[in-house]
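Here are a few notes from me to go with the structure you are looking at. Keep the picture open and find each residue as you read.

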Amino acid sequence: MAAPVRRLLTGALWCRAPGFRASVAGCRGLASAPGSTGSPWRLHGAVCLKRPAVVSQSKTPLQREVEELLKQIDLEKSFHSDHELQLMKDAERLRRKQSDTYDSDDEEEEQDIVMAQDMEDTWEQKWKQMKLAPRVTDSTGGEQRSRAQRWRTDSVSYPIFTLVTGIVGRWRAVCVTALQRPNSDAAAIRIVVEADEQNDRSSLHRKLENPLVLLVKEKIGNEEVWMFPQVEWMAGETMRQTAQRALSNVSENSIEAHFLGNAPCGFYKYKFPKALRSEDKMGAKVFFFKALLKNKSAPTNKKKGDYVWVSKDELKDYLKPAYLSEVYKFVIEV
């Protein structure tokens, strides 16, 4: 019994000896340092820059149906409001006046009575006179002929405009037109901007209901490939710093973004084209990091056509299948 134990301990010490790690079978040697000449794989950091949704999603038919059902249930179980009680009181007063047994001495001595229905008619007229800002915006995010400025001179519209812009901020001020009065058709109308009508995917101000991500076109060998912005890791950097440098290279430090954590959210490995391969340069290992766009403009140093802002459903139009399958694991529609 002592001999096997002695051999086991001797083997363990032998494996842990620094000088014999690589030579002893069953003992793993230390991995090569990232980016060193000992590994044929280059390390890259990439950034998945996301522009969050600007306005809320339009309701689906099922959601609208459930909404109407809940409204009906709430109406049936609710108490009458003061305004509804006043409407019923006015209706009762009119019924008494129209009856044959009506006696004016029983009524209160009030000549000028404003009935609740008259108030509703007044409110309805004011609402019809209200001018709403257009839904269509240009590709730079500005309104073509903004009526929002005229809201400031409208005594009815200005309080609503002030309230909305104060709550939703600069981004949603562009889309303040979401206050349009709902009807049977408008409930299904989606937010439409000029960039969507022209299918200008280089515009950041498109698909306001969906989050978008930035893709750039890079040349690898003789092939042009769409991917997230990425650069090769440099000694002394963390992988997050490499991803931050990738974003700064694309935008020349003009894009403000908030990186989510220090750990990568995804990984992808690919081989370089055969013309670029060598014994010490086989391919790249890419580590993805998520970032949220903070400013409402994102200028890049690439010409139009070499970068796009796309939704998750549109990624398949640009990314290769293997790359896309890894990206789908961390790009979500929220």
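**Notes on the loop before S2 and its surroundings**

1. Let's start with Lys 207, which sits in the loop between H7 and S2. Bear in mind that this is a predicted model. Lys 207 has a phi near 45°, a positive value in a residue other than glycine. Is Lys 207 buried, partly exposed or exposed? With a relative accessibility of 25%, Lys 207 counts as partly exposed, because that class runs between 20% and 50%.

2. Stay in that loop and look for Asn 199, which is also placed between H7 and S2. Asn 199 is not a glycine, yet its phi is positive, at about 55°. Its relative accessible area is 48%, so Asn 199 is partly exposed.

3. Now see what Lys 207 has to do with Val 54. In sequence, the two are 153 residues apart, but their C-alpha atoms are 8.6 Å apart in space. Val 54 belongs to the loop between strand S1 (41–51) and H2. Val 54 has a relative accessible area of just 2%, so we call it buried.

4. Next, salt bridges. How many does the count come to? The answer is 16 salt bridges. Lys 207 turns up here again: a network of salt bridges links Arg 201, Arg 206, Lys 207, Glu 314 and Asp 317.

5. Within that network, zoom in on Arg 206 and Glu 314. Their side chains meet in a salt bridge, with 3.0 Å from N to O. This pair connects distant parts of the chain: Arg 206 is in the loop between H7 and S2, while Glu 314 is in the loop between S8 and helix H9 (321–327), 108 residues apart. Are these two charged residues buried or exposed? Both Arg 206 and Glu 314 are buried.

6. Asp 200 is worth a look as well. Asp 200 makes a salt bridge with Lys 304, and the closest N and O atoms are 3.6 Å apart. Again, distant parts of the chain are linked: Asp 200 comes from the loop between helix H7 (194–197) and strand S2 (212–220), and Lys 304 from the loop between S7 and strand S8 (307–310), with their positions 104 residues apart. The two partners differ in cover: Asp 200 counts as buried at 12% relative accessibility, whereas Lys 304 counts as exposed at 59%.

7. One more pair: Lys 302 and Glu 218 form a salt bridge whose closest N and O atoms are 3.5 Å apart. Lys 302 is in the loop between S7 and S8 and Glu 218 is in strand S2, so this pair ties together parts 84 residues apart in sequence. Glu 218 has a relative accessibility of 26%, which means that it counts as partly exposed.

8. Back to the loop between S8 and H9, where you will also find Leu 319. At 6% relative accessibility, Leu 319 counts as buried. Leu 319 and Val 225 are 94 residues apart in sequence, yet 7.8 Å apart in space from C-alpha to C-alpha.

9. Helix H2 is a good one to practise on. H2 covers residues 61–77, which makes 17 residues. From its first C-alpha to its last, H2 reaches 25 Å, close to the 24 Å expected at 1.5 Å a residue. How many of the 17 residues of H2 are buried? The count is 0, so H2 is hardly covered, given that buried means under 20% relative accessible area.

10. Now for a nonpolar patch on the surface. Leu 62, Val 66, Leu 69, Leu 70 and Ile 73 form this patch, and together they have about 460 Å² of accessible area. Val 66 is placed in helix H2 and counts as partly exposed, at 40% relative accessibility. Keep one rule in mind when you look at the helix: an α-helix has 3.6 residues a turn, so residues three or four places apart point the same way.

11. Last, a charged patch to set beside the nonpolar one. Lys 269, Lys 271, Lys 274 and Arg 277 gather on the surface in a patch of positive charge. Among them, Lys 274 lies in the loop between strand S6 (266–271) and strand S7 (283–293). Its relative accessibility is 71%, so Lys 274 counts as exposed.

Methods
Residues are numbered from 1 along each chain as its sequence is written. This is a predicted model: local features need pLDDT of at least 70, side-chain atom pairs count only at pLDDT 80 or more; totals for chains, interfaces and linings use all residues. Side-chain values use heavy atoms; hydrogens and water are left out. Patches are made of residues with over 30% relative accessible area and no salt bridge: like charges are joined within 9 Å, nonpolar side chains (Val, Leu, Ile, Met, Phe, Trp, Tyr) within 5 Å. Accessible areas come from the Shrake-Rupley method with a 1.4 Å probe; for residues, only the protein chains shown count as cover. A salt bridge is a side-chain nitrogen of Lys or Arg within 4 Å of a carboxyl oxygen of Asp or Glu. Lys and Arg count as positive and Asp and Glu as negative; His and the chain ends are not counted. The place of a charge is taken as NZ of Lys, CZ of Arg, CG of Asp or CD of Glu. Helices (H or I, at least four residues) and strands (E, at least two) are DSSP runs, numbered from the N terminus. Buried means under 20% relative accessible area, exposed over 50%, partly exposed in between (1.4 Å probe, protein chains only). The expected span of a helix is 1.5 Å times one less than its number of residues.
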